[in-house]
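I opened my notebook for a friendly look through this fold, strand pairs to begin with, then rings and charges. Here is what I looked up.

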Amino acid sequence: MKKKTIKYMKMGAMGCVAMLGVGAVSLSANALASAPVSANVTVSSKVHATVPSATGVKIVEKVLSTTSKNLIVDIKVPQLDGMLDTRYQNELNGILLSRAQKDLAQWEKDAAQTAKKAKVNHQKFHPYEFYVSYKLKSDGTGKPAGVVSLEVITEGYRGGTSMPRIDTYNLKNASAAQRVTLEDLLGSNYKEKLDADILAQMRKDPDQYFLEKFKGTFTEQSFYIEKGELVIVFPKYSIAPGYVGSPEFRFNLKNAASEAKPNDMKPEVAVKLDLKKVAAY
């Protein structure tokens, strides 16, 4: 079978930046540049002919720790289990673990450097905090059929408030797994309708949003599927004040064909959108 290389995921522009504590030391430009934001994986090019699994995927949790006295951590890394395409599963699990390990190493380094400076200047140092958590939003047994959605939240504190990084992974659990995009779910003309509905909801509560900062959704927009609903996620501070958290806009996917194939769905026939706004605090 002919192979081709595709990208798993590339998070939103702000979502891919390492978390920065307000008013604290940020990561260096080199560290940010080297942080993994995407990865290439080889999968079958004939994924449309596959049948999704009727059994849901599960999470096997990996816990990372640190020996640093300058850093408090609680790191739970999700590892998918039960996918039909074990090669895809293993490579995605490797990316999830590697990303958490690199983030942890950077936070250990930053905490050590700041603690050393504080000691030299006879200042009190409060340990940094670093957390990684996850939510399996959809295990592939709901609708759309076979779609698995995973959300990973990475967040750190250097004092003050924080900016969580929310990475979402959406894939089709089939014998030849593949990434699922907004275009796959809604069709090639999804952006105009989606952007208009989100903006309309923002205008209903203008004091809660930065209307001038909303530039619409983009190709690598963060989203997930939960209980048959499409949820669009924006980074904290991107379109709303910090107290709002990471704004979410929720859509009901009605009348979606249960066996719809990526790039074959016609939004005007297969999917109707019913927008419900949710602010994640």
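I began with strand pairing, where two strands pair if DSSP finds at least two bridges between them. The model is a predicted one, and I kept that in mind throughout.

**Entry: strands**

I looked up β3 (residues 58–64) and β4 (residues 71–81), and found them antiparallel and joined by seven bridges. In this pairing I saw Ile59 standing opposite Leu80 in β4. Between β3 and β4 I traced a hairpin with six residues as its connection.

Next I followed β4 to its pairing with β5 (residues 128–139): five bridges, and the two strands run parallel. Here I noted Asp74 opposite Tyr131 in β5. Which hand does the crossover from β4 through α2 to β5 have? I found this β-α-β crossover to be left-handed.

**Entry: salt bridges**

How many salt bridges does a search of the whole structure find? I got 13.

I picked out Arg99 and Asp167, whose side chains meet in a salt bridge at 3.5 Å, N to O. Arg99 is in helix α2 (residues 86–120) and Asp167 in strand β7 (residues 165–172), so this bridge ties together parts that are 68 residues apart in sequence. Are these two partners buried or exposed? I used the cut-off for buried, under 20% relative accessible area. Arg99, at 7% relative accessibility, counts as buried, and Asp167 is buried too, with a relative accessible area of 1%.

I then saw that Asp167 also meets the side chain of Arg165 in a salt bridge, 3.1 Å from N to O. For Arg165, I wrote down buried as well.

My next stop was Arg250 with Glu226, a salt bridge of 3.2 Å, N to O. Why does this pair tie together separate parts of the chain? Arg250 lies in strand β11 and Glu226 in strand β9, so the parts joined are 24 residues apart in sequence. I found both Arg250 and Glu226 buried. Following shared partners, I could join Lys137, Glu151, Glu226, Glu229 and Arg250 into one network of salt bridges.

**Entry: aromatic rings**

I turned to the rings and found that the structure holds seven aromatic pairs. One of them is Tyr209 with Phe249: the ring centres are 5.9 Å apart and the planes are at 35°, so I call the pair tilted. I placed Tyr209 in the loop between α4 (190–203) and β9 (223–226), and Phe249 in strand β11 (residues 246–254), so to speak two distant parts of the chain, 40 residues apart. Both Tyr209 and Phe249 are buried.

I also looked at Phe214 and Phe234, an edge-to-face pair with 5.9 Å centre to centre and 70° between the planes. This pair too links distant parts of the chain: Phe214 is in the loop between α4 and β9, and Phe234 in the loop between β10 (229–233) and β11, 20 residues apart. I noted Phe214 as buried, along with Phe234.

Which residues do ring pairs link into a cluster? I found Trp107, Phe125, Tyr128 and Phe130. Over the ring of Trp107 I then spotted the charged end of Arg158, 3.9 Å from the ring centre.

Technical notes: Residues are numbered from 1 along each chain as its sequence is written. This is a predicted model: local features need pLDDT of at least 70, side-chain atom pairs count only at pLDDT 80 or more; totals for chains, interfaces and linings use all residues. Side-chain values use heavy atoms; hydrogens and water are left out. Rings of Phe, Tyr and Trp (its six-membered ring) pair if their centres lie within 6.5 Å; planes under 30 degrees apart count as stacked, over 60 as edge-to-face and the rest as tilted. Helices (H or I, at least four residues) and strands (E, at least two) are DSSP runs, numbered from the N terminus. Buried means under 20% relative accessible area, exposed over 50%, partly exposed in between (1.4 Å probe, protein chains only). A charge sits over a ring if NZ of Lys or CZ of Arg is within 6 Å of the ring centre and within 35 degrees of the ring normal. A salt bridge is a side-chain nitrogen of Lys or Arg within 4 Å of a carboxyl oxygen of Asp or Glu. A crossover is right-handed if, with the strands pointing away from the viewer, the path from the first strand over the helix to the second runs clockwise.
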